[in-house]
Amino acid sequence: LLASVSVLTTIILSRYIILSIGVELYGLWALVATVLVVANICDQGLGDPISRMIAISFHSKDHKEVQEDYSSGIILSVLVILPFIVGVNIFGNFIVGFMNVPVKMVLIANTLFNKIGLILFIFVLAIVIDSVLAGIGRIDIPNMNKLGSRIFQLLITILLLKLNYGIWAIYYGVLSFHCVRLLTGIIFLKKLTKIKLFNIYSSNFMSIKKLYIMGYKIVLGRLVSIGNEPLLRILLAKYAGLESVAALDIGMKVIGLLTLLPIRAFRAIVARASKASTDIKQGVIEMKNINSILSKYLIIIGLPTFIFIFFIGDSLLLFWLSNGYNNNMYVCLQLLIFPYFIHLFMMPKLNTLIGYGQTNQFAISAIIMTLSFFIGLLINYLTGFEYSFSGPIIAYAFGILMSSFYILYIYFVKLENIMIKQISNASG
């Protein structure tokens, strides 16, 4: 249900926003909002460790430790995210100047960069609250919370667009989504636990250290690759204009809609692999069987769907966006759709490795993606950015492919040897 509502709101909002404020302003928002991907550091790097620690202390009915884990999660998440908020406020004006934003939009762009940190801060707090709720076994609450918040965002954004708030309608819509999500989560957390929400001084060094050890490799991987998409959007804005950023955003939204359901389903593999990791031989066989079944479904159902979108995507985009459509949206979709299919094919294997405790492979794949992306950009630079729109996107697609191929290589060639070595080291 949540995925269906997310798809529906994306389809409705994207069309309505583009037709209301135009492709160029939408591109400006898509560029500024890239800052919010930083929250993925806390979501994937710290969210799961917080949930695991809370689950252990909550089910042992150690309320003091639950409080410590919650407070430590808040402090560590804020410490991770704060430098980005400060950096955006300090360097936002420089980024706007580098991008050659049209003079009429400079003030709007600078103001957005100064205010986007508020959304990022609330976003991260909501992630911590959701992780705690998941840890006490109530993952249903964050899911339903996101559902209601998404509907609220849709209504607020459309209302403000009708009241001629322009690009600020999008800002306040996103802000309302995270505020409602955070406040509702806090209400349920107060009702279901004895956590004192503002008692962050209950944290201790050991809890913070445990969180750090459990999540630092994924955080490191995210930190290495976190600038790739913002850099891509900045380069497109500079060399191809803000409309190209809008085209990229729409292309990636279509891919996001195609991959939303399977990626969410694949996250369950981490827990399954964690259980299977206790038995080397049988565990590897079990996970390979699961991955084999998933791979067959992706090839039988997913691949034809991606091929279908590749060939008739222009007609679908024109039907969806009407007068807001331009051909660069379809070009972007064509350039990225198959690299993202390989990425989707790789995801169950990556989650298996993470479940086996091989989070370092995630960090390595992120490094490979970033290096490959920069190699592609270097080639673009040496050719004088002759292909101003497609060149940086091809470089980005190359990074996605190289990181995905690395994980596939580790999974198919090295997995069993890695597990034998890991168990031997533990025994030793």
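These legends accompany close-up views of a predicted model.

**Figure 1. The whole chain is built from helices, with no strands.** The protein chain holds 16 helices and zero strands. It has 428 residues, and buried residues make up 53% of them. Many contacts reach across the sequence. Among contacts between residues at least 6 apart in sequence, 84% join residues at least 24 apart.

**Figure 2. Tryptophan 29 sits in the largest nonpolar core.** This core counts 123 residues. Six of them touch the most other members: Leu28, Trp29, Tyr70, Leu317, Leu336 and Tyr396. The view centres on tryptophan 29. Which residues does tryptophan 29 contact, leaving aside neighbours within four places in sequence? They are Leu112, Ile116, Ile167, Ile170, Tyr171 and Val174.

**Figure 3. Helix 7 runs from residue 140 to residue 162.** Its 23 residues should span 33 Å at 1.5 Å a residue. The end C-alpha atoms lie 34 Å apart, which agrees with that expectation. Several residues of helix 7 are buried, among them Ile141, Pro142, Asn145, Leu147 and Ser149. Further along, Gln153, Leu154, Thr157, Ile158, Leu160 and Leu161 are buried too. Just after the helix, asparagine 164 takes a positive phi of about 65°.

**Figure 4. Threonine 157 is a buried residue of helix 7.** Buried or exposed: how does threonine 157 count? Its relative accessible area is 1%, so threonine 157 counts as buried. Not counting residues up to four places away in sequence, threonine 157 touches five residues: Leu13, Ile17, Ala169, Ile170 and Gly173. Ile170 is also in contact with tryptophan 29, the subject of Figure 2.

**Figure 5. Arginine 138 and aspartate 140 form a salt bridge.** The closest N and O atoms of this pair are 2.9 Å apart. Both partners are partly exposed. Arginine 138 has a relative accessibility of 32%. Aspartate 140 has a relative accessible area of 34%. In total, the count comes to six salt bridges.

**Figure 6. A network of salt bridges links Glu229, Arg233, Asp249 and Lys253.** Arginine 233 and aspartate 249 meet through their side chains, with N to O at 3.1 Å. This pair links distant parts of the chain: arginine 233 lies in helix 10 (residues 228-240) and aspartate 249 in helix 11 (residues 242-266). The two residues are 16 apart. Arginine 233 and aspartate 249 are buried.

**Figure 7. Aspartate 249 also meets lysine 253 in a salt bridge.** Here the N to O distance is 2.8 Å. Why are lysine 253 and aspartate 249 separated by about one helical turn? Because they are four residues apart in helix 11. An α-helix has 3.6 residues a turn, so residues three or four places apart point the same way. The two partners differ in cover. Lysine 253 is partly exposed, at 26% relative accessibility. Aspartate 249 is buried, at 9%.

**Figure 8. Helix 14 spans residues 327-355 and carries a kink.** Helix 14 has 29 residues. From first C-alpha to last, helix 14 reaches 41 Å, close to the 42 Å expected at 1.5 Å a residue. Where does the kink lie in helix 14? It lies at methionine 347, shortly before proline 348, and amounts to about 35°. Helix 14 is mostly covered, with 21 of its 29 residues buried.

**Figure 9. Asparagine 326 caps the N-terminal end of helix 14.** A side-chain oxygen of asparagine 326 lies 3.0 Å from the backbone nitrogen of asparagine 328. Beyond the other end, just after helix 14, glycine 357 takes a positive phi of about 85°.

**Figure 10. Leucine 350 is a buried residue of helix 14.** Its relative accessibility is 5%, so leucine 350 counts as buried. Leaving aside neighbours within four places in sequence, leucine 350 is in contact with Phe362 and Ile407. The view also takes in arginine 267. Leucine 350 and arginine 267 are 83 residues apart along the chain, yet 9.9 Å separates their C-alpha atoms.

Key. Residues numbered from 1 in each chain as written. Predicted model: local features only at pLDDT ≥ 70, side-chain atom pairs only at ≥ 80, totals over all residues. Heavy atoms only, no water. Expected span 1.5 Å × (residues − 1). Bend = angle between axes of the 7 residues up to and from the residue. Buried < 20%, exposed > 50% of the residue type's maximum accessible area, 1.4 Å probe, protein only. Polar contact = N/O pair within 3.5 Å; in protein donor to acceptor, adjacent residues only side chain to side chain. Core = buried A, V, L, I, M, F, W, Y, C linked by side-chain atoms within 4.5 Å. Contact = heavy atoms within 4.5 Å. Salt bridge = Lys/Arg side-chain N within 4 Å of Asp/Glu carboxyl O.
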